[in-house]
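User: I should like to study this protein model through a short series of questions. Please show me the structure before we begin.

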Amino acid sequence: MPRDSQHLHPRRPPVTPLHAATVLLLRDAPAPDGAGASTLQVLMTRRSATASFVPGAYVFPGGGIEAQDAAPASHALADHRPAQAGERLTEALAALRESFEELGILLARRADGRWAGPEDIAALDRKAPFAAQVAARGLRLAADAMYPLAHWTADRNLPKRFAVPFLVARMPPGQEPVADESEQFEPVWVSPADALARHEAGQFFMIYPTIRTLERLAQYADVQAVLDAVAHEQPLWVSSPRSGLLAGKEARYMEHEAPFGELALVCPDGLGQHVLDWQCERPVPLLKNVQRLTAPNPGVMTGPGTNSYLVGEPATGYIAIDPGPQDGEHLERLWRAAGGDIRAIVCTHSHADHSPGAAPLQALVAAHGRAAPPVLGLPSAPTARAASHFVPDRALSDGELLTLTGQGLEGEITHTLEVVHTPGHAANHLCLILREDGLLFSGDHILNGSTTIIDPPDGNMAHYLDSLARLDALCVQHGVEFIAPAHGYVLCDARGAIAHLTAHRLAREAKVLAAMQARPEGSMEDWTRLAYADVPPRMWPLAQRSLLAHVERIRMLEPGNNQAAL
């Protein structure tokens with residue numbers, strides 16, 4: 001966890017969210033042209049133009065959880081599954097009650113098991129206490145017909161926030177929605193794809209969680225497919241989005257999306273002012289003691305470009321990590337961002353987009369009257385390709401500490417980088433942990449948005465996976481929560497990212513093994529087509545290098561198995 005003193009913005013606790021519940025009522029409708037499969041539709045309604053929260057937006061029925069929803073008398077009226085005990089049942093009853101009050105939809109059954117019908121609905125007053133009327137009518141509330149789809153908690157930067165389970169249920173037969181004409185208007189059955197298209201055209205205003213929920217819902221062909229997906233009783237996703245600025249406009253991102261981790265680091269309380277546009281002209285402050293400057297070398301292998309980092313502050317001087325390619329303008333920007341006071345230059349490895357800028361940056365510092373900072377790292381191994389030849393001024397040792405110290409307004413300042421040898425992507429690859437702030441500089445070992453190429457003989461899959469396991473242990477030891485990669489935005493949930501990457505690699509290796517077993521006499525090209533069928537063919541030449549690394553590891557683990565020639 002970064003020190004509070006290093007955050008760019010003062011910490012402020014976000015508004016405590018209010019608890020509410022929402023239900024997506026689903027039905028299968030005939031295809032528009034009368035032919036072919038049916039179309040999944042969801043019931044939506046327009047909020048009042050004078051509502052205090054998202055006026056005029058199209059939403060799913062729902063609202064705040066009330067005391068009556070948690071009352072034992074209400075719970076006693078509900079049919080429910082074992083997984084719906086306590087709070088889960090209260091949420092279901094709140095969504096059920098709100099759908100009745102707002103749209104006159106009653107998820108309830110009669111004593112004989114039949115669904116409540118229009119006559120039951122007509123006998124109930126939407127404005128009177130709900131549970132007592134249901135009991136008097138002899139109905140049972142059908143909480144067991146509702147399943148958790150998702151759980152949303154509003155972004156931390158909003159002045160009014162809700163924590164809301166999104167439940168799904170099949171529309172009960174024989175009922176029609178009728179809006180209350182005070183809170184909700186214009187109930188409409190719409191397919192997720194149509195709702196999204198109308199929103200894009202500016203005709204159907206929706207807020208972020210609604211849009212994202214519809215995007216996921218659009219993947220399902222019918223109601224049963226949705227109910228099958230949620231039958232395990234757990235939400236398909238749980239999210240509290242974060243916002244930043246992209247192209248001058250506010251943009252929100254969920255936990256699985258690339259910018260989320262960077263927003264969590266820079267704006268932990270949801271300030272929402274962090275600019276996410278990739279550019280090479282200006283350094284991007286991530287913490288008070290960490291800046292990123294991206295080199296102008298975007299491409300298939302480098303993404304938006306190679307990230308150079310500066311660790312330190314004026315009182316301590318700076319350590320430059322990965323100066324990048326030999327690009328004079330980029331190096332001058334890096335030098336200026338450090339005020340010329342670069343104390344050391346560290347290369348995570350010797351590849352051509354990481355280390356060639358080291359010597360010119362060193363010379364630039366010296367040319368302006370300061371002591372030439374040493375170029376540090378590990379020398380390239382004999383297995384490295386010719387373009388990756390690299391010899392540092394001094395070789396770093398695994399576990400070595402690089403320390404910056406200085407005197408600030410509040411006393412001594414210290415920034416400590418721990419060196420971690422992480423072979424795998426390259427034999428001389430290393431990572432750095434900023435101990436005081438729980439930040440891992442991962443070089444090319446862990447990327448955001450893609451997986452790194454493991455290219456034998458300098459790359460080694462067994463070493464790569466072993467290095468991931470070691471980084472995971474160090475994350476525990478030093479409380480590392482964030483990863484600053486050489487390509488892409490900062491990642492959060494460091495251990496989760498490592499676990500996901502490890503699982504991905506092992507799953508790919510299982511596909512490689514299956515391809516080898518299916519085609520024991522096949523070529524590397526044959527195995528690549530099978531094991532990387534989910535990857536665009538244009539990427540297969542690169543994927544083949546990592547496939548070779550998997551093959552080597554498989555044969556190392558099972559020397560008697562799959563001895564087909566390479």
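Analyst: The questions below concern a sheet and a pocket in this predicted model.

User: Which strands are the edge strands of the open sheet formed by five strands?

Analyst: The five strands are arranged in the order S21-S22-S23-S24-S25, with mixed pairing. An edge strand of this sheet pairs on one side only. The edge strands are therefore those at the two ends of the order, by the pairing criterion: strand S21 (401-408) and strand S25 (482-485).

User: What is the bridge partner of leucine 440 in S25?

Analyst: Strand S24 covers residues 439-443 and runs parallel to S25. Four bridges join S24 to S25. In S25, leucine 440 has as its bridge partner isoleucine 483.

User: At about what angle does helix H12 run to S22?

Analyst: Helix H12 (residues 461-478) lies across strand S22 (411-421), strand S23 (430-434) and S24. The angle between H12 and S22 is about 160 degrees.

User: How many residues of the lining of the second largest pocket are nonpolar?

Analyst: This pocket, the second largest, has a volume of about 940 Å³. Its lining comprises 37 residues, and Arg47, Phe53, Val54, Phe162 and Ile207 lie nearest its centre. Elements giving two or more residues to this lining include strand S1 (18-29), strand S9 (162-170) and helix H7 (208-217). By residue class, the lining has six charged, 10 polar and, as the number requested, 21 nonpolar.

How values were computed:
Residues are numbered from 1 along each chain as its sequence is written. This is a predicted model: local features need pLDDT of at least 70, side-chain atom pairs count only at pLDDT 80 or more; totals for chains, interfaces and linings use all residues. Side-chain values use heavy atoms; hydrogens and water are left out. Contact means heavy atoms within 4.5 Å. Axes are lines fitted to C-alpha atoms, for helices over the stretch in contact, and angles run from 0 to 180 degrees between N-to-C directions. On a 1 Å grid over the protein atoms alone, a cavity is a set of points where a 1.4 Å probe fits but cannot get out, and a pocket is an open set with protein on both sides within 12 Å along at least five of seven lines; lining residues have an atom within 4 Å of a point. Grid points are joined across faces, edges and corners, and a volume is the space filled by probe spheres set on the points. Ala, Val, Leu, Ile, Met, Phe, Trp, Tyr, Cys and Pro count as nonpolar, Asp, Glu, Lys and Arg as charged, and the others, Gly among them, as polar.
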